[in-house]
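Here are some notes on the model you sent, set out as numbered points. They concern the enclosed space, the charged pairs and the ligand surroundings.

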Amino acid sequence: MTTSLNRYAVFGQPIKHSKSPRIHQLFAEQTGQDLQYTAQEVSAEQFTVTAEAFFAQGGKGLNCTVPLKELAWAWATHKTERAELAKAVNTLALQADGSVLGDNTDGCGLVRDLLVNHGIALTEKRILLLGAGGASRGILLPILEQSPACVVIANRTVNKAVQLAAEFVHKGCVSGCGFADLIDYAPFDVILNATSASLSGQLPPLPEDLLAKQGVCYDLAYGNEPTAFVRWGLEQGAIKSLDGLGMLVEQAAEAFFIWRGVRPETQPVIDLLNAERTSL
Ligand code: NDP
């Protein structure tokens, strides 16, 4: 069934707890855009058929989350440079000629949250990136574009960190290692946790004294309570220890801009979601 409604959706598995429909509904109300945004449970096996049907039936754009970002990258007709390098796509946008553009807005969402919302610059900073999965891939290029002094990627499976660094080394100073090697590279001004350990209340096995004085910690994961990594950052003396709710809203705003050509204001939405979680 083809309709004239501007239809958007997020695909993923699990998807029940996704905040994306709420965020995009708030953006649409704020900017006076007429659209519908739904969340749909889609497994990796179902992705291609479901995405094809969505666009064939008049859908205008999709967000893709775990475990679909790599599949969306392979499926998109063409990709932006940041998505191409990331090998992961979180935003699919129907183009006027019927093709579908794949982009990755995670990295610019993170950088915007750090820079604009929290006043944390990355230029000339020593940055530690924990994890070498899809999220790390997505954020590396936007981080390197800020010209940090260096980025060290540390991962449980060490060769994934080394491999990821090798793929981006032409874009800036980046190297990969295991958690135990980190003491040789410390201290770091900014530590970003892009492992999924927080989702199960765990912490990567981090040596002491990794964080520089006046250092900042940022967990890409978020929850209604401070994550294990946010708490670790505070224990290590971070001047700020933040979670990824702001990044979530910022990556959504960038997707909204790609789809609708209008940039929503993010701060009121971040404030609202923050107020809602502290009132729980
Ligand atoms: P992936 O599954 O692709 O990668 C997971 C990474 O975490 C791997 O590097 C893995 O190491 C590591 N890991 C998992 N468990 C542990 C553990 N117990 N100790 C140490 N390392 C561990 O996930 P994503 O990259 O897609 O997501 C990572 C995080 O980023 C998630 O928390 C996700 O919610 C968050 N995220 C937040 C976004 C936002 O908008 N705020 C956007 C995107 C992601 P190994 O390679 O050894 O398995």
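1. How many nonpolar, polar and charged residues does the lining of the largest cavity have? In this predicted model, the lining divides by class into 4 charged, 2 nonpolar and 1 polar residues. The structure holds 1 cavity of 30 Å³ or more, and the volume of the largest cavity comes to about 30 Å³.

2. The residues that line the largest cavity are Arg112, Glu250, Ala253, Glu254, Arg263, Pro264 and Thr266. Among the elements of secondary structure, helix H9, which spans residues 245-260, gives the most to this lining, with 3 residues.

3. Two of the lining residues, Arg112 and Glu250, also form a salt bridge with each other, in which the closest N and O atoms are 3.1 Å apart. This pair links distant parts of the chain, since Arg112 belongs to helix H5 and Glu250 to helix H9, with their positions 138 residues apart in sequence. Which of the two, Arg112 or Glu250, is buried, and which is partly exposed? Arg112 has a relative accessible area of 34% and is therefore partly exposed, whereas Glu250, at 2% relative accessibility, counts as buried because its value is under 20%.

4. A search of the whole structure finds 10 salt bridges. One of them joins Lys69 to Asp106, and here the closest N and O atoms are 2.8 Å apart. Because Lys69 lies in helix H3 (residues 69-75) and Asp106 in helix H5 (residues 106-117), the pair ties together parts that are 37 residues apart in sequence. Both partners are on the inside by the accessibility criterion, in that Lys69 is buried and Asp106 is buried as well.

5. The side chains of Asp103 and Arg82 also meet in a salt bridge, with an N to O distance of 2.8 Å. This pair again links distant parts of the chain, with Asp103 in strand S6 (residues 100-103) and Arg82 in helix H4 (residues 81-86), 21 residues apart. Asp103 has a relative accessible area of 5%, which means that this residue is buried.

6. Which residues are linked with Arg82 and Asp103 in a network of salt bridges? The network takes in Glu254 and Arg263 along with that pair, and both Glu254 and Arg263 appear in the lining of the largest cavity. A colleague who inspects the cavity may therefore wish to view this network alongside the lining, given that Glu254 and Arg263 occur in both.

7. Turning to the ligand, 24 residues surround it, and the closest are Ala135, Asn155, Thr157, Lys160 and Leu220. For Asn155, an N or O atom of the side chain is 2.7 Å from an oxygen atom of the ligand. Two further distances involve the backbone: a polar backbone atom of Gly134 is 2.9 Å from an oxygen atom of the ligand, while a polar backbone atom of Leu220 is 2.9 Å from a nitrogen atom of the ligand.

8. A last point concerns Ser241, which lies in strand S12 (residues 240-242). Is Ser241 buried or exposed? With a relative accessible area of 14%, Ser241 is buried, because this value is under the 20% cut-off. The C-alpha atom of Ser241 is separated by 9.9 Å from that of Leu192, and the two residues are 49 residues apart along the chain.

Note on methods:
Residues are numbered from 1 along each chain as its sequence is written. This is a predicted model: local features need pLDDT of at least 70, side-chain atom pairs count only at pLDDT 80 or more; totals for chains, interfaces and linings use all residues. Side-chain values use heavy atoms; hydrogens and water are left out. On a 1 Å grid over the protein atoms alone, a cavity is a set of points where a 1.4 Å probe fits but cannot get out, and a pocket is an open set with protein on both sides within 12 Å along at least five of seven lines; lining residues have an atom within 4 Å of a point. Grid points are joined across faces, edges and corners, and a volume is the space filled by probe spheres set on the points. Helices (H or I, at least four residues) and strands (E, at least two) are DSSP runs, numbered from the N terminus. Ala, Val, Leu, Ile, Met, Phe, Trp, Tyr, Cys and Pro count as nonpolar, Asp, Glu, Lys and Arg as charged, and the others, Gly among them, as polar. A salt bridge is a side-chain nitrogen of Lys or Arg within 4 Å of a carboxyl oxygen of Asp or Glu. Buried means under 20% relative accessible area, exposed over 50%, partly exposed in between (1.4 Å probe, protein chains only). A residue is near a molecule or strand if one of its heavy atoms lies within 4 Å of it. A polar contact is a pair of N or O atoms within 3.5 Å; within protein, one must be able to donate a hydrogen and the other to accept it, and residues adjacent in sequence count only if both atoms are side-chain atoms.
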